[in-house]
Amino acid sequence: MLKGMALLGWRRPPAQQGHSLRPATMIGASWVVRLLASQPLAFIALACELPSSVGMKTPGVVAMGCWLLAGCSGPDFDGNRARWRADRPEEYVISICGTGFARGCTLVAVSGDTVVATAHSPSDAPSGSDWTFAEAPEQADPVEALFDRAAGESEDCELTRIRFDDRYGYVADHYKDCGEEGSGEQVTCFQADTNDVTRCTE
């Protein structure tokens with residue numbers, strides 16, 4: 001970690017040459033604010049180095065750095081949800097797979113405000129024959145439901161990873177650490193301007 005601090009221009013005070021450094025005393029609030037204002041990319045580099053030196057979990061540290069750079073207000077669920085509602089295609093097919101302790105995948109085809117097909121697979125990487133289609137498709141909007149699950153709060157779980165799609169703003173990947181267990185979801189396929197489910201089963 002000292003290497004990362006040196007890259008940012010930080011130097012150990014002479015009086016502390018013989019003492020170990022604690023991250024909490026090294027990185028004061030005012031130092032972080034100055035660093036974010038002057039060298040944001042260097043801050044991210046330091047965040048990536050911190051885990052190996054102080055035992056912190058990489059996803060949480062990286063997420064913390066990204067959220068600080070975004071304005072210290074956490075992931076922008078509301079802004080990205082609004083972007084999705086404004087820019088979403090009239091028709092689309094989406095495949096969402098579980099990560100961590102959440103297993104299996106869900107495939108949904110949407111036309112307008114109607115879900116026209118849904119399928120499920122216990123496989124983490126299903127092929128065309130692995131899907132089981134529902135006779136009566138669930139009508140919950142898959143992307144809105146994904147936003148709700150990612151943004152949902154829990155006393156036992158902490159959101160440690162979140163990524164939004166650059167084009168449409170939907171939740172592309174999220175993960176929550178619940179101590180010994182953790183789970184999340186990631187969009188493995190998104191096809192706009194079609195409701196042909198085979199576009200995400202090939």
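This is a short guided tour of a predicted model, with suggestions for what to select at each stop.

**Stop 1: two phenylalanines**

Start by selecting F147 and F164 and showing their side chains. The two rings make a stacked aromatic pair, with centres 6.4 Å apart and planes at 25 degrees to each other. Now colour the secondary structure: F147 belongs to helix α7 (residues 142–151), while F164 belongs to strand β5 (residues 158–164). The pair links distant parts of the chain, its members being 17 residues apart. Switch on a surface if you like; F147 and F164 are both buried. Across the whole structure, a search finds 9 aromatic pairs.

**Stop 2: an aromatic cluster**

Next, select W84, Y92, Y168, Y170 and F190, and show them as sticks. These five residues form one aromatic cluster. Keep Y168 in view and add R167. The arginine R167 lies over the face of Y168, at 4.4 Å from the ring centre.

**Stop 3: from β5 into β6**

Go back to β5 and extend your selection to strand β6 (residues 171–178). Which way do these two strands run relative to each other, parallel or antiparallel? β5 and β6 pair in the antiparallel sense, over 6 bridges. To see the register, pick E158, which stands opposite D177 in β6. The two strands form a hairpin with 6 residues between them. In that turn, click on G169, whose phi is positive, at about 90 degrees.

**Stop 4: from β6 into β7**

Stay on β6 for a moment: 7 of its 8 residues are buried, and the strand is mostly covered. Then add strand β7 (residues 181–192), which runs antiparallel to β6 and is joined to β6 by 6 bridges. Here a handy pair to label is H174 and, opposite it in β7, E185. β6 and β7 form a hairpin too, with 2 residues between them. Its turn contains G179, with a positive phi of about 90 degrees.

**Stop 5: T99 and its neighbours**

For the last stop, select T99, which lies in strand β1 (residues 91–100). Is T99 buried or exposed? T99 counts as buried because its relative accessible area is 13%, and the cut-off for buried is under 20%. Now show what surrounds the threonine. Leaving aside residues up to four places away in sequence, T99 touches R161, H174, Y175, G182, S183, G184, E185 and Q186. Two of these names should be familiar from the previous stop: H174 and E185, which stand opposite each other, are among the residues that T99 touches.

Terms used:
Residues numbered from 1 in each chain as written. Predicted model: local features only at pLDDT ≥ 70, side-chain atom pairs only at ≥ 80, totals over all residues. Heavy atoms only, no water. Phe/Tyr/Trp six-rings, centres within 6.5 Å; stacked < 30°, edge-to-face > 60°. Helix = DSSP H or I, 4+ residues; strand = E, 2+ residues; numbered from the N terminus. Buried < 20%, exposed > 50% of the residue type's maximum accessible area, 1.4 Å probe, protein only. Lys NZ or Arg CZ within 6 Å of the ring centre and 35° of its normal. Pairing = 2+ DSSP bridges. Contact = heavy atoms within 4.5 Å.
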